[in-house]
Amino acid sequence: MTTPRFYCPEILAQSGAAELPEQAAHHAARVLRLQAGDRVTVFNGRGGEGEARITDIGKRNVTVEIVDWHDVERESPLQILLAQAISAGEKMDFTLQKAVELGIGNIQPLASERSVVRLSGERAEKRVAHWQGVVISACEQSGRNHVPEVAQIRPMLDWLGQQDEPGLRLMLSPVAEVGLRDLPKPTGNITLLIGPEGGLSPAEAEAAQRYGFTPVRLGARVLRTETAALAALAAMQMLWGDF
């Protein structure tokens, strides 16, 4: 049986006791029905993981004690920022969950001209917090010990206009003339831009190229937004990463 893994940002040292976050505590006590004395794995999102033992289970809290610490890492050698236009329903959750499993570094949600979902203010903050929870759960499941950050939602054109970091910038386009295999292996950071259900608008596509994004295609077929990012990430891991 696989040892349950829990994200516990309170862990500041490689020994001592800590309480699991509320959602993790509920999952451990009410869903998995773990008991005092059971072994679990905990990580703080900043690297490494600890073997721990549950010392106390209350109505709302679960306390663990670190038994041993391991500096093991399972991060991809590729540093990829996924700039994903917001998609509707559970599509965004699915994309982020699987992107984490595929080794994404960080995530920038974007409000595109053709995005079906419109979020602002408190609704936007709650959705970003929800997506961060999805990312944490994916790290727990996939064995990652670094937690990718989900940035605040940005308007696509505003975000494009502030891109000044060095590195390879890619945007998927079904009419692009080159594929991923035609590109040399990148030596720095990678930014992958994915449009919404209806694709990038002409103004967004033009702006992306103006700010250094190279259009690339994934075969002759048009992929859905939730498929495109994952197919591209898997291909990059195969070509340049750890697949």
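Axes here are lines fitted to C-alpha atoms, and angles between them run from 0 to 180 degrees between N-to-C directions. The model is predicted.

**Exercise 1. Two helices**

Task: How do the axes of helix α2 and helix α6 cross, and which residues make the contact?

Solution.
- Step 1. Locate the helices. Helix α2 covers residues 91-101, and helix α6 covers residues 225-240.
- Step 2. Look at the axes. They come within 9 Å and cross at roughly 5 degrees.
- Step 3. Classify the angle. Angles under 35 degrees count as roughly parallel. Therefore α2 is roughly parallel to α6.
- Step 4. List the residues. Helix α2 contributes K91, F94, T95, K98 and A99. Helix α6 contributes E226, A229, L230 and L233.
- Step 5. Sort them by type. The contact has 5 nonpolar, 1 polar and 3 charged residues.

**Exercise 2. A serine before α2**

Task: Is S87 buried or exposed? What does S87 contact?

Solution.
- Step 1. Place the residue. S87 sits in the loop that links β6 (80-85) to α2.
- Step 2. Check accessibility. Buried means under 20% relative accessible area. S87 has 2%, so S87 counts as buried.
- Step 3. Follow the side chain. One of its polar atoms lies 3.1 Å from the backbone nitrogen of M92.
- Step 4. Add the contacts, leaving aside neighbours within four places in sequence. They are M92, V117, E197 and T225.

**Exercise 3. A serine in another loop**

Task: Where is S76, and which side chain does the side chain of S76 meet in a polar contact?

Solution.
- Step 1. Find the loop. S76 lies between β5 (62-70) and β6.
- Step 2. Check accessibility. The value is 7% relative accessibility, so S76 counts as buried.
- Step 3. Trace the side chain. The side chain of S76 reaches the backbone nitrogen of L78 at 3.0 Å. A polar contact of 2.9 Å links the side chains of S76 and Q237.
- Step 4. List the contacts, again without neighbours within four places in sequence. S76 touches G103, Q237 and D242.

**Exercise 4. The parallel sheet**

Task: In what order do the 6 strands of the open sheet with parallel pairing stand, and which strands are at the edges?

Solution.
- Step 1. Read the order. It is β8-β7-β6-β10-β9-β11.
- Step 2. Find the edges. β8 (154-155) and β11 (214-216) each have a single partner strand, so one side of each is left without a neighbour in the sheet.
- Step 3. Inspect one pair. Strand β7 (residues 106-111) pairs with β8 in the parallel sense, over 2 bridges. A111 stands opposite P155 in β8.
- Step 4. Turn to R154, which belongs to strand β8. Its 24% relative accessibility makes R154 count as partly exposed.
- Step 5. Compare sequence and space. R154 and Q108 are 46 residues apart in sequence, and their C-alpha atoms are 7.7 Å apart.
- Step 6. List the contacts of R154, leaving aside neighbours within four places in sequence. They are Q108, P109, L110, A111, W159 and Q162. The side chains of R154 and Q162 are joined by a polar contact of 2.9 Å.

**Exercise 5. The mixed sheet**

Task: What is the strand order of the open sheet of 5 strands, and which helices pack on it or lie across its strands?

Solution.
- Step 1. Write the order. It is β1-β3-β4-β5-β2, with mixed pairing.
- Step 2. Mark the edges. β1 (5-7) and β2 (16-19) each pair on one side only.
- Step 3. Note the turn. Neighbouring strands are turned by 40 degrees against each other on average, direction ignored.
- Step 4. Start at β1. It runs parallel to β3, joined by 3 bridges. Y7 stands opposite F43 in β3.
- Step 5. Add the helices. Helix α1 (residues 22-31) lies across β1, β4 and β5, at about 155 degrees to β1. Helix α3 (residues 121-142) packs on the sheet and touches β1 and β3. The direction of α3 makes about 150 degrees with that of β1.
- Step 6. Move to β3 (residues 39-43) and β4 (residues 49-57). They run antiparallel, joined by 4 bridges. T41 stands opposite E51 in β4. Their hairpin has 5 residues between the strands, and G45 takes a positive phi near 85 degrees there.
- Step 7. Finish with β4 and β5. These run antiparallel with 8 bridges. I57 has V62 in β5 as its bridge partner. The hairpin has 4 residues between β4 and β5.

Note on methods:
Residues numbered from 1 in each chain as written. Predicted model: local features only at pLDDT ≥ 70, side-chain atom pairs only at ≥ 80, totals over all residues. Heavy atoms only, no water. Parallel < 35°, antiparallel > 145°, perpendicular 65-115°, else oblique. Contact = heavy atoms within 4.5 Å. Nonpolar A, V, L, I, M, F, W, Y, C, P; charged D, E, K, R; others polar. Buried < 20%, exposed > 50% of the residue type's maximum accessible area, 1.4 Å probe, protein only. Polar contact = N/O pair within 3.5 Å; in protein donor to acceptor, adjacent residues only side chain to side chain. Pairing = 2+ DSSP bridges.
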